[in-house]
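Here are some exercises to work through with the model open on your screen. Try each task before you read its solution.

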Amino acid sequence: MVQVNGNYLKLKAGYLFPEIARRVKAFSEANPEAQVIRLGIGDVTEPLPEACRTAMKAAIDEMGTREGFHGYGPEQGYPWLREAIARHDFQSRGCEVSAEEIFISDGSKCDSSNILDILGEGNRIAVTDPVYPVYVDSNVMAGRTGEADGSGRYGGLTYLPITAANGFTAEIPSSKVDLIYLCFPNNPTGAVASREQLKAWVDYARASGALILFDAAYEAFIQDPGLPHSIYEIEGARECAIEFRSFSKNAGFTGTRCALTVVPRGLMGTAADGGTVELWGLWNRRQCTKFNGVSYIVQRGAEAVYSSEGQSQVKALIAFYMENAAIIRRELSAAGIEVYGGEQAPYVWLKTPDGLDSWGFFDHLLQRAHVVGTPGGGFGAAGEGYFRLSAFNSRANVEEAMRRVRAL
Ligand code: MLT
């Protein structure tokens, strides 16, 4: 018989969100009359912006003509989209990022896992705890960790606890690490990093030769104009960081799929013979071999995000979800629950009440209020005792969910 990848057998339980979906399905089958409101997975609910839809429809019509038909596109993405992103998302904020350094993809989840293809096996890896589970599980699958212990922590990984005591921002590790996953605005805690905090990470990475994998999928939700949106706003970050971004949450592309990864030219790694190698070339090679690009139609839709109509429609979507987050924060606080996040991010992170553990609170909320959230323990041992509510839903559902929580 064929041998399986034994690393998969080290994975604890199922992936968090399918596990939640399984429990919700079982509950709904047993209670068919219950109107379940889902504030669990961070999946958007509002329609695609009109500017994106118009551009995608025009692209479909183009594809229906001999002259306008597009077959395989460039594996790195179409130049017009890469240029629009470089200009609007980076250069407008003073970041030195060129179109050539932007690789279009079908998702930050995929890119933040696939990046391991170009990184060596001996790297010491640091993740926050709690953490977006993909960073950990993809390292387990790639054989970069040992076995999990009783708390679900894998051998070989350095866990950096993020708690109320440190404002949900990890402290610089005391032991040497080579690869650091940072996510700001943070999933799951909704915390955000100041310029000084990011500078401390960049300084550490430059001084120690580490690489930062910076997930900025939620940057569009930052409300405070003084906060950085990109790691490249910090001097020296081009020498030590790769950044992931997505159209999923700002423009509602979770089902449409479009994202990007920035790999700066001149960002170097070490080869086994001690020589240095540019990561850009390796990622380009990886994408050319394993990826055939995002569809022309979807890339035209993403480009429309940068038109003036697209910009105002995306801003309105974000304002809508952030108002949901404000309602969740306000109602939970009024119910006497300790809340964090939700001010610069679409996630509200709360302390589970009445000493319930986080899966216990999940079951309580599902059974008593028919509301689904995400147990903090599912994001890591230090997330135990916390719970995440997502602001991605209709206003009516958010208000109804909060009414039910208040009534508990
Ligand atoms: C989440 O709920 O954490 C998100 O849906 C994660 C993702 O975008 O993959």
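**Exercise 1. Find the loop that holds Arg-238, then list what its side chain reaches.**

Solution. Step one: Arg-238 sits in the loop between β6 and β7. Strands here are DSSP runs of E with at least two residues, helices are runs of H or I with at least four, and both are numbered from the N terminus. A quick word on the source: this is a predicted model, where local features need pLDDT of at least 70 and side-chain atom pairs count only at pLDDT 80 or more, while totals for chains, interfaces and linings use all residues. Residues are numbered from 1 along each chain as its sequence is written, and side-chain values use heavy atoms, leaving out hydrogens and water.

Step two: look for polar contacts (N or O atoms within 3.5 Å; within protein, one must be able to donate a hydrogen and the other to accept it, and residues adjacent in sequence count only if both atoms are side-chain atoms). A polar side-chain atom of Arg-238 is 2.3 Å from the backbone oxygen of Glu-96, and one is 3.5 Å from the backbone oxygen of Arg-265.

Step three: widen the search to contacts, meaning heavy atoms within 4.5 Å. Leaving aside residues up to four places away in sequence, Arg-238 touches Glu-96, Val-97, Glu-101, Tyr-232, Pro-264, Arg-265 and Leu-267.

**Exercise 2. Work out the strand order of the seven-strand sheet, and say which strands stand at its edges.**

Solution. Start with the order: the open sheet runs β2-β8-β7-β6-β5-β3-β4, with mixed pairing. Two strands pair if DSSP finds at least two bridges between them. At the edges are β2 (102-105) and β4 (157-161); each has a single partner strand, so one side of each has no neighbour in the sheet. From one strand to the next, the twist averages 20 degrees. (Axes are lines fitted to C-alpha atoms, for helices over the stretch in contact, and angles run from 0 to 180 degrees between N-to-C directions.)

Now zoom in on one pair. β6 (residues 211-215) and β7 (residues 241-246) run parallel and are joined by four bridges; Leu-213 has Ile-242 of β7 as its bridge partner. Helix α7 (residues 279-290) packs on this sheet and touches β2, β6, β7 and β8 (259-262), its direction making about 25 degrees with that of β2.

**Exercise 3. Which residues are around the ligand, and which side chains make polar contacts with an oxygen atom of the ligand?**

Solution. Take everything with a heavy atom within 4 Å of the ligand: Phe-17, Ile-41, Gly-42, Tyr-132, Asn-187, Tyr-218, Lys-249, Tyr-347 and Arg-388. Among the side chains, Tyr-132 has an N or O atom 2.6 Å from a ligand oxygen. For Asn-187 the distance is 2.8 Å, and a polar side-chain atom of Lys-249 also comes to 2.8 Å from a ligand oxygen. The ligand taken alone exposes 270 Å², and the protein buries 85% of that (Shrake-Rupley areas with a 1.4 Å probe; for residues, only the protein chains shown count as cover).

**Exercise 4. Where are Pro-130, Pro-188 and Asp-354, and what is unusual about their backbone?**

Solution. First, the background: most residues other than glycine have a negative phi, and most peptide bonds are trans. The bond from Asp-129 to Pro-130 is cis, with omega near 5 degrees, and Pro-130 lies in the loop between β3 (125-129) and α5 (133-141). The bond from Asn-187 to Pro-188 is cis too, with omega near 20 degrees; Pro-188 belongs to the loop between β5 (179-183) and α6 (195-208). Finally, Asp-354 is not a glycine but has a positive phi of about 55 degrees, in the loop between β12 (347-351) and α10 (358-369).
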